[in-house]
Structures are given as structure tokens and as C-alpha cells.
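Thanks for coming. I will go through the empty spaces and the ligand sites in this structure, starting with the cavity.

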Amino acid sequence: RYAFWETQPVSQFDDQAAAEGPIDAPKTVADVRQEPYTLPKEFEWSTCDVNDTKTVEEIYQLLTFNYVEDDDNMFRFDYSQDFLKWALQPPGTRPEWVLGVRVASSGKLVGFITAVPARVRVRAAALAMVEINYLCVHKKLRAKRLAPVLIKEITRRVNLAGIWQAAYTAGVVLPKPVATATYWHRALQPKKLITVNFTRLAPRMTMARTIKLFKLPAEPVTPGLRPMEHRDIPQVVALLGVYLARFQIAPQFDGEDVAHYLLPIPGVVHSYVVEAEGGRLTDMLSFYTLPSTVINNAQHSKLAAAFQYYTVPAATPLAQLMGDALVLAHSTGHDVFNALDIFQNSEVLKTLKFGIGDGRLRYYLYNWRVPAELQPSDVGLVLL
Ligand code: NHW
Ligand code: EN5
């Protein structure tokens, strides 16, 4: 059934109880194959420099036309070039982990996969990992077994740095999810969402009543809420450290990580802190901008989605913080706010008028076994 994944050090569906921890026998960098894996002869490997304007444009084009779609092929993610440059260069980035496949004769980019370093805690174990993302094969080259070669080559390149575990998410079912999360959606521009068939007018609802139902205030309600700044980094590290400790799987962010992943970047990542008397930060919220192409619609070609990122409720209730995130996403031009049922979100999604989506997001670990599948509420990790 899974000709490739059965050969990999991942939990299998029929795994009998085994000890928590690595699946492969321990290795050293000296054990790692030195030569790149062999591609079919018409293709070649290409390390992609995202700071090169031409290269990032090529990556953007490949993903915009060939990356993830919903189950009915109505929307396709449209990660911006600024987003990709941000997501692919966190602290500790290695250039050889932005891996492309090109057609040898023309140089056309037709395959892609990336790894970024991350410290991720899985239950009691803090692991030096990579996060794998942006696996993509051009639509015309599907089902030719290129994906397994991309995965093996990025694994080799990561292993050469002495890293043996990875975390990744996917909509599809593979051996074997560590958790399965569900997407929820909160309409910010209901009329547009209905026009593009992202959602439908509810039975016995008029457009006017729908617009009123989803109307949001112009300003957030939390006193002291303001955009995050550089000087906030130490306090944000502390807030996140305390909060993420509750989850069974969560990143461990240091100051450099927080600076990279959370300082606001216009049109990419939006982060706000709640400042109390004396400059003490009590809570934070963040979301990122990830538009989708609307695949076949006469009126609109893009959908502007905001995705919940890291949110830390402490002095402010989660429902209020998330409510303010909706207000801020609305006022910055987003059409919909998406969140998963991870963190403590399940407690607030319905109250905030989120509706359940048709998409699932499975969380996976490479070369790490957990004793049992986790609940979405055990997950404190967001991959971009
Ligand atoms: S999930 C998004 C993945 N990308 C897309 O869905 C874009 C649209 N689709 C495509 O581009 C986020 C192609 O359909 C892809 C497959 C490239 C997906 N993950 O080449 P073949 C990520 O980026 C397996 C893993 O013939 P294709 C996370 C499939 O089950 N495996 O198919 C990425 C089959 O294996 P099997 C996937 O359609 C994590 C084999 O690929 C997969 O032309 C990567 C078929 O290959 C997916 N999303 O290309 C793993 N989709 O066993 C990282 C299909 O069933 C692991 N497959 O025979 C860790 C590595 C690092 C470790 C370091 C210690
Ligand atoms: C790597 N970082 O399925 C991630 N999106 O629900 C890669 N559905 O937008 C893997 N089908 O439910 C990502 N509207 C996997 C996700 C792939 C994309 C995906 C889903 C998530 C989605 C929308 C549109 C569905 C169109 C038809 C959806 C209904 C929402 C509605 C909101 C208002 C209240 C009722 C429900």
C-alpha cells in the first residue's frame, strides 16, 4: 500500500507497542551516504538560493501553480515571495536544504522540498529536528515517484548535519499521524466567501443577515494590545516558553527564533502583545497571511486568508485574544481567518463563529515513535 513509506523509519499502521523514541538504529554523520541520490536522467538537483530574485520567482511560480489544493480543487495556496523568504531562513538555515529539481535541458524548476532547523519537544524529549515543507512536483510530472527521491535526498542532506528527526504536516494520510487536526474557518468578508464558493449562504439566511452576523468591531477590545516590537523579544520568549510547556508537542523558541518568526513583517506575519502597567507583557497573539488562488471564478482570483499562528492567553482569556485577532485580520484586508483545533482552540472556536472546514491536517514525525496518537489539543506546533 505505501511502497515508499513502508521502507522509512516512521511509525507504521500495524506497529505493535514499542518503546518511545527513535525508530532507526543510531547513526553518525560518517555513516551517511556522500553521493546525492540519482534522479531520472532528464533531471538534475539544484540548491535554490531564496535571496536570488530570479530563483525565488521560480519557486513562487512552481508553488503558485502546483502546490496544495483543497479536496475539490477550488483553491490553491499562493505563498508570497516575501513569505517564502521568511519561512525558509530562520536561525540555523542551511542553503543546501532548499532543494530543487530542474529539467537538465531547459533548467526549468519542476520539483522542490525544504528543511529548516527547529528544536521541538515531543513529550519529555527535546529534539534537534528539521521541519520539512513545500514538497512539490510539477503537475505534469506527477506519479513518477519523484517525491520519494526528493524526500530521500533532503533526508541525506539533513543527516549530514547530524540531525535524525523531522516534523512535517500534510493533508493526506501517511504512516502514521502523531495527531490529526481539523481546520476551522471564521468568515471576515462573508459576501466574497460566498461568491467564490468557499462557503454557502446558510438555509433561511439572507445576505444582509449573514453580513450582520459576521460583522466585527473596527478596533480590538483588549487594553494595552499593540504590535510586537524588538524590545519585546525576551518577554515573548518567556510567555511562549511557559505556555507551550503545556502541550505534548511544541517548539522551543529562543530569542533569535522569536525575533525571526514573530517580529511583524507587513503582508506576512502579524504579531501583537498585551502590555500591562510597568511594561509587563501578559499575552500575545499572531497570525500569518497566506492567500489562495481561486481556481475558477469570474469575480475573484485571490482569497486573502489569515492563519492563526502562536497565541498566548494568560491574563487575557483566549476567546478575547482570538476575537481581537479576527478584528485585526479583518482590518488588514483578510477575507477569512483559519485556525486548527490545536492549542486550546476547541474551547473558543464555536463562540467566535468559526465553522468547521473540510480539510484535515495530519502531524507526522520522522524517526520518532510516540506511545499513542495525540489529541489535537496536545499539539502546540504550527508549521507554515
Ligand atoms: S504537505 C504538502 C505536499 N505537497 C503537495 O501536496 C503539493 C501538491 N502535490 C504534489 O506536488 C507539506 C505531489 O502530489 C507530491 C507527491 C510532491 C506531494 N508527504 O512522486 P510520487 C509538506 O511539504 C507519497 C509525504 O509518485 P506525486 C510535507 C505517496 O504516499 N509523502 O507522487 C512533506 C507515495 O508514497 P507511497 C507523500 O503525486 C513531507 C509517494 O509519495 C506526500 O507525483 C515529506 C508517491 O510519489 C506528502 N505530502 O508527488 C516527508 N504526498 O509510500 C518528509 C504523496 O504511498 C519526511 N506522498 O508509495 C522527513 C524527511 C527529513 C528527515 C530528516 C531526519
Ligand atoms: C503544510 N504546512 O483543504 C500544510 N483547506 O478546511 C499542507 N476548506 O479551505 C497541507 N472543498 O471548508 C494543507 N469551507 C492541507 C489543507 C489543504 C487545503 C484545504 C480546507 C481546510 C478549506 C474550505 C473551502 C472548501 C471548498 C470545497 C471550507 C467551508 C468553511 C465554512 C466557513 C463558514 C462556516 C461554515 C464552514
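The structure holds 1 cavity of 30 Å³ or more. By cavity I mean, on a 1 Å grid over the protein atoms alone, a set of points where a 1.4 Å probe fits but cannot get out; lining residues have an atom within 4 Å of a point. Grid points are joined across faces, edges and corners, and a volume is the space filled by probe spheres set on the points.

Before the details, some conventions. This is a predicted model, in which local features need pLDDT of at least 70 and side-chain atom pairs count only at pLDDT 80 or more, while totals for chains, interfaces and linings use all residues. Residues are numbered from 1 along each chain as its sequence is written, chains are lettered from A and ligands numbered from 1 in the order in which they are written, and side-chain values use heavy atoms, with hydrogens and water left out.

Back to the cavity. Its volume is about 150 Å³, and 18 residues line it, with Val-116, Glu-131, Tyr-261, Leu-383 and Leu-384 nearest its centre. Two elements give two or more residues to this lining, β4 (109–122) and β5. Helices (H or I, at least four residues) and strands (E, at least two) are DSSP runs, numbered from the N terminus. The largest share, 4 residues, is from β4. By class, the lining has 15 nonpolar, 2 polar and 1 charged; here Ala, Val, Leu, Ile, Met, Phe, Trp, Tyr, Cys and Pro count as nonpolar, Asp, Glu, Lys and Arg as charged, and the others, Gly among them, as polar.

Where does the largest cavity lie relative to domain 1 and domain 2? Domain 1 (5–179) and domain 2 (181–361 + 370–378) both contribute lining residues, so the cavity lies between them. Those domain bounds come from an automatic or database domain assignment.

Next, ligand 2. The shell around ligand 2 has 21 residues, and Asp-70, Asp-72, His-185, Phe-198 and Asp-358 are the closest. A residue is near a molecule if one of its heavy atoms lies within 4 Å of it. For polar contacts, read a pair of N or O atoms within 3.5 Å; within protein, one must be able to donate a hydrogen and the other to accept it, and residues adjacent in sequence count only if both atoms are side-chain atoms. Nitrogen atoms of ligand 2 lie 2.6 Å from a polar side-chain atom of Asp-70 and 2.5 Å from one of Asp-358. On the oxygen side, the side chain of His-185 has an N or O atom 2.7 Å from ligand 2. Taken alone, ligand 2 exposes 870 Å², and the protein buries 84% of that. Accessible areas are from the Shrake-Rupley method with a 1.4 Å probe; for residues, only the protein chains shown count as cover. Strand β16 gives the most to this shell, with 6 residues. Ligand 2 also lies between the two domains, because both give residues to its shell.

Last, ligand 1. Among its 34 surrounding residues, Trp-5, Leu-135, Ala-143, Arg-145 and Ala-147 come nearest. An N or O atom in the side chain of Arg-145 is 2.6 Å from an oxygen atom of ligand 1. The protein covers 88% of the 1200 Å² that ligand 1 has accessible on its own. Helix α3 gives the most to this shell, 7 residues, and the shell divides into 25 nonpolar, 6 polar and 3 charged.

Key:
1 Å grid on protein atoms, 1.4 Å probe; cavity = no way out; pocket = protein on both sides within 12 Å on 5 of 7 lines; lining within 4 Å.
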